[in-house]
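Me: I've just opened this one and need a quick tour. Can you walk me through it?

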Amino acid sequence: MSQQIIGIVNPLLAMIFGLAFVAFWLVQKHRKYVLLIALSYFSFSCGMFISNVGISAQSLLHVLGTHFFYSIALISIVWAVSSRIHTPPRVSLNLAIVTCTTPLIVWLHSNSDLANLRVIAANIAYSAVFLSGALNLWQGRKNSQLELWLFTLFILLAVQGLVRPVGIFWLEGAVTNADYRESIYYSSLNLTMSLLSLLLALSLLAICAYDYAREMQSKPKSPETKHQKSNEKLRMDRLKKIMATNLHRHPDLTFKMLAEETGIQTHELRKLINNQLAFKNFREFVNSYRIKEAQTMLTDAEFSQVSITKIAFDCGFNSIPSFNRVFKTEVGITPSEYRDQHIEIRNSESVD
């Protein structure tokens with residue numbers, strides 16, 4: 001009785017998750033991967049229904065139906081997560097894996113009364129699909145905790161797909177097609193599929209929610225009020241005042257240190273540097289102060305006997321190659337060429 005209840009609940013739960021992903025897709029239709037995840041859970045629902053209550057386990061239609069819908073579900077999930085991180089989804093490879101496995105599964109079902117063999121063959125194919133997805137996740141990783149967790153989950157799904165059927169075959173022995181739904185084999189399949197599918201669905205929902213929230217944060221906000229503009233001006237003045245203390249000379253200055261010195265929250269400070277001051281990043285912002293001071297020192301007669309190396313270190317650079325590269329990028333010539341040009345200008349002015 002409990003197995004029948006689970007057999008009905010599992011497809012319904014998968015259908016509900018599918019509808020949840022459709023809802024996510026409706027508010028972010030440009031994210032096609034969300035629709036692929038929805039397709040995956042609708043396919044899971046169909047496969048679970050056929051496997052659990054729809055068709056007798058002795059029927060070839062049961063075998064082909066569950067294999068078809070599970071294959072579509074797994075390929076869709078791998079395709080979805082790969083598309084999200086812009087790695088090749090390997091759809092053709094995964095289709096080839098499940099397609100080539102199909103004749104073997106049919107042959108085993110037709111020529112052997114043992115359910116173990118066909119389930120092992122099918123699970124090997126599913127594990128291979130999950131492993132291809134895990135490989136894609138690893139190649140396209142961005143050190144996001146959600147993505148690393150999804151990679152781990154794919155590995156676990158691939159491993160259980162191999163270990164569970166073989167382990168139960170070893171523990172329970174041969175299971176016939178007629179006894180399949182009464183066996184521990186079937187019970188463990190239901191339980192494992194329920195738990196892992198739930199965990200995977202919740203993880204994918206979290207990723208969709210994260211992507212949606214991040215997109216909402218990046219959208220242009222409504223016109224700023226006078227109060228907001230006033231606060232932004234105060235933060236800008238505070239930033240300029242702190243930088244006027246020659247904080248840029250600190251060779252190990254970090255974004256966090258600057259936020260602490262100014263008392264400005266990191267997201268507000270990043271907005272000032274990127275949006276208001278139009279610098280690509282914190283490093284470019286700090287280097288602009290260092291280069292400006294280096295230019296002043298290189299053109300000042302008072303520092304004419306000071307080496308370029310010392311000037312670089314005094315301005316906050318901690319390596320000469322870095323100083324030379326940044327200086328030439330910003331000014332267009334090397335520091336030594338810049339100094340020589342201004343020496344010539346001073347000499348010509350003194351002659352005149």
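Me: Let's start with two rings. Are Phe130 and Phe154 buried or exposed?
Reply: Both Phe130 and Phe154 are buried. Buried means under 20% relative accessible area, exposed over 50%, and partly exposed in between, with a 1.4 Å probe and protein chains only. Keep in mind that this is a predicted model: local features need pLDDT of at least 70, side-chain atom pairs count only at pLDDT 80 or more, and totals for chains, interfaces and linings use all residues. Residues are numbered from 1 along each chain as its sequence is written, and side-chain values use heavy atoms, with hydrogens and water left out.

Me: How many aromatic pairs are there?
Reply: The count comes to 14 aromatic pairs. Rings of Phe, Tyr and Trp (its six-membered ring) pair if their centres lie within 6.5 Å; planes under 30 degrees apart are stacked, over 60 edge-to-face, and the rest tilted. Phe130 and Phe154 form an edge-to-face pair, 5.4 Å centre to centre with 85° between the planes. Phe130 lies in helix 5 and Phe154 in helix 6, so the pair ties together parts that are 24 residues apart in sequence.

Me: Which rings form a cluster?
Reply: Ring pairs link Phe17, Phe21, Tyr41, Phe44, Tyr70 and Tyr126.

Me: Back to Phe154. What else does it touch?
Reply: Leaving out residues up to four places away in sequence, Phe154 touches Ile77, Val78, Val81, Phe130, Gly133, Ala134, Leu137 and Leu200. Contact means heavy atoms within 4.5 Å.

Me: Which residues touch the most other members of the largest nonpolar core?
Reply: Phe21, Tyr41, Phe44, Phe154, Leu200 and Leu204 do, in a core of 47 residues. A nonpolar core is a set of buried Ala, Val, Leu, Ile, Met, Phe, Trp, Tyr and Cys residues joined through side-chain atoms within 4.5 Å. Helices 1 (2–27), 2 (32–54), 3 (60–84), 4 (91–111), 5 (115–139), 6 (145–172) and 7 (184–218) each supply at least two residues. Helix 3 gives the most, with 9 residues.
Me: And what does the second core include?
Reply: Leu239, Phe255, Leu272 and Phe282 are among its 16 residues, and this core is separate.

Me: Zoom out. How many helices and strands?
Reply: The protein has 14 helices and 0 strands. These are DSSP runs numbered from the N terminus: helices are H or I with at least four residues, strands E with at least two. Of the 352 residues, 42% count as buried.

Me: Which residues are buried in helix 10?
Reply: Leu269, Leu272 and Ile273 are buried there, in residues 266–276. They cover an arc of only 85° around the axis, which puts them on the same side of helix 10. That arc is taken from the directions from the helix axis to the C-beta atoms.
Me: What follows helix 10?
Reply: Ala278, whose phi is positive, near 65°.

Me: New topic. Where is Val286?
Reply: Val286 is in helix 11, residues 282–299. Val286 is buried, with a relative accessible area of 0%. Setting aside residues up to four places away in sequence, Val286 touches His248 and Leu253. The C-alpha atoms of Val286 and Phe255 are 9.5 Å apart, though 31 residues separate them along the chain.

Me: And where is Ser59?
Reply: Ser59 sits in the loop between helix 2 and helix 3. Ser59 is partly exposed, at 23% relative accessible area.
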